[in-house]
Amino acid sequence: MNTAPGSAAQHRWLTDEEQRVWRAYLHATTLLEDHLDRQLQRDAGMPHIYYGLLVGLAEAPRRRLRMTELAMQAKITRSRLSHAIARLEKNGWVRREDCPSDKRGQFAVLTDEGAEVLARTAPGHVDAVRQAMFDRLSPQQQKALGEIMEIIAEGLQPDEAGADLPWLR
């Protein structure tokens with residue numbers, strides 16, 4: 001619905017075309033996230049968010065990141081990160097270490113076992129991403145999609161102090 005009684009002059013409602021694009025975006029991203037979650041649960045017994053955390057740690061120097069930096073990288077709340085890291089610790093894939101320069105800070109560290117799980121899981125995950133997304137798009141469409149997503153992300157991640165971003169909650 002793109003109009004509401006008595007309020008059409010007060011709001012800038014989506015046009016029919018904008019509504020079509022918005023719903024297509026929601027439909028595709030929901031299906032893509034579900035597709036990747038199912039693949040990772042089937043192949044490695046982990047949700048997509050956990051895989052992303054393991055990748056972030058694998059790419060970090062010495063396979064370790066401060067918890068706050070990992071939350072920022074994953075775009076999740078500190079509470080959600082803490083819960084995820086607890087589950088990854090239980091699996092033996094990550095361990096926490098205290099930060100020597102900040103008594104309240106902690107590092108998340110990818111263990112050797114976590115690195116092995118990631119190495120075994122990555123090929124299937126890359127295949128799932130490629131099949132679901134990149135194989136369906138021309139190089140020009142891939143480039144355009146990347147540029148569009150960067151513009152949207154930049155607009156939702158303001159630099160000013162006090163911004164309401166997940167990793168600051």
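Here is a walk through the structure, from the overall layout down to a handful of residues. Keep in mind that this is a predicted model.

Start with the elements. The chain has 6 helices and 3 strands, and if you trace them along the sequence you get the pattern α-α-β-α-α-β-β-α-α. So what does the record have to say about this stretch of protein? An unreviewed UniProt entry puts the feature "domain: HTH marR-type" at residues 18-154. Within residues 18-154, helix makes up 71% of the chain and strand 13%. The C-alpha atoms at the two ends of that stretch sit 20 Å apart.

Next, the overall form. How does the chain's radius of gyration stand against that of a compact globule of 169 residues? A globule of that kind would come out near 15 Å, but this chain has 20 Å. Put in a box along its principal axes, the chain's C-alpha atoms take up roughly 60 × 40 × 25 Å. Of the 169 residues, 26% count as buried. The chain exposes about 11600 Å², and 55% of that comes from carbon and sulfur atoms.

Contacts and charges fill in the general picture. If you take contacts between residues at least 6 apart in sequence, 51% of them join residues at least 24 apart. On the charge side, there are 23 positive and 24 negative side chains, and the centres of the two sets are 5 Å apart.

Now zoom in on helix H5, which covers residues 112-132 and holds Thr121. Is Thr121 buried or exposed? Thr121 has a relative accessible area of 5%, so it counts as buried, the cut-off being under 20%. Look at what surrounds it: apart from neighbours within four places in sequence, Thr121 touches Leu40, Ala44, Met46 and Tyr51. Asp43 is another residue to find on screen, because although 78 residues separate it from Thr121 in sequence, their C-alpha atoms are 6.7 Å apart.

Step back along the chain to Thr111, in the loop between strand S3 (102-110) and H5. Thr111 is a loop residue, yet it is buried, with a relative accessible area of 13%. Which residues does Thr111 contact, once neighbours within four places in sequence are set aside? They are Arg63, Gly92, Trp93, Val94 and Arg95.

Arg63 on that list takes us to another loop, the one between H2 and S1. Arg62 lies in this loop too, with helix H2 spanning 48-59 and strand S1 spanning 64-66. Check the backbone here: phi of Arg62 is near 60°, a positive value in a residue other than glycine. Arg63 also has a positive phi, near 55°, and it too is a residue other than glycine. As for accessibility, Arg62 is exposed at 67% relative accessible area, while Arg63, at 26%, counts as partly exposed.

Finish at helix H6, residues 139-156, where you will find Ile152. Ile152 has a relative accessible area of 42%, so it is classed as partly exposed. Leu26 makes a useful partner to locate: Ile152 and Leu26 are 126 residues apart in sequence, and 14 Å lies between their C-alpha atoms.

Terms used: Residues numbered from 1 in each chain as written. Predicted model: local features only at pLDDT ≥ 70, side-chain atom pairs only at ≥ 80, totals over all residues. Heavy atoms only, no water. UniProt positions renumbered as here; feature names shortened; annotations may be inferred. Helix = DSSP H or I, 4+ residues; strand = E, 2+ residues; numbered from the N terminus. Rg over C-alpha atoms; globule rule 2.2 N^0.38 Å. Buried < 20%, exposed > 50% of the residue type's maximum accessible area, 1.4 Å probe, protein only. Contact = heavy atoms within 4.5 Å. Areas by Shrake-Rupley, 256 points an atom, 1.4 Å probe, with all protein chains shown as cover. Lys, Arg positive; Asp, Glu negative; His and termini not counted. Charge placed at Lys NZ, Arg CZ, Asp CG, Glu CD.
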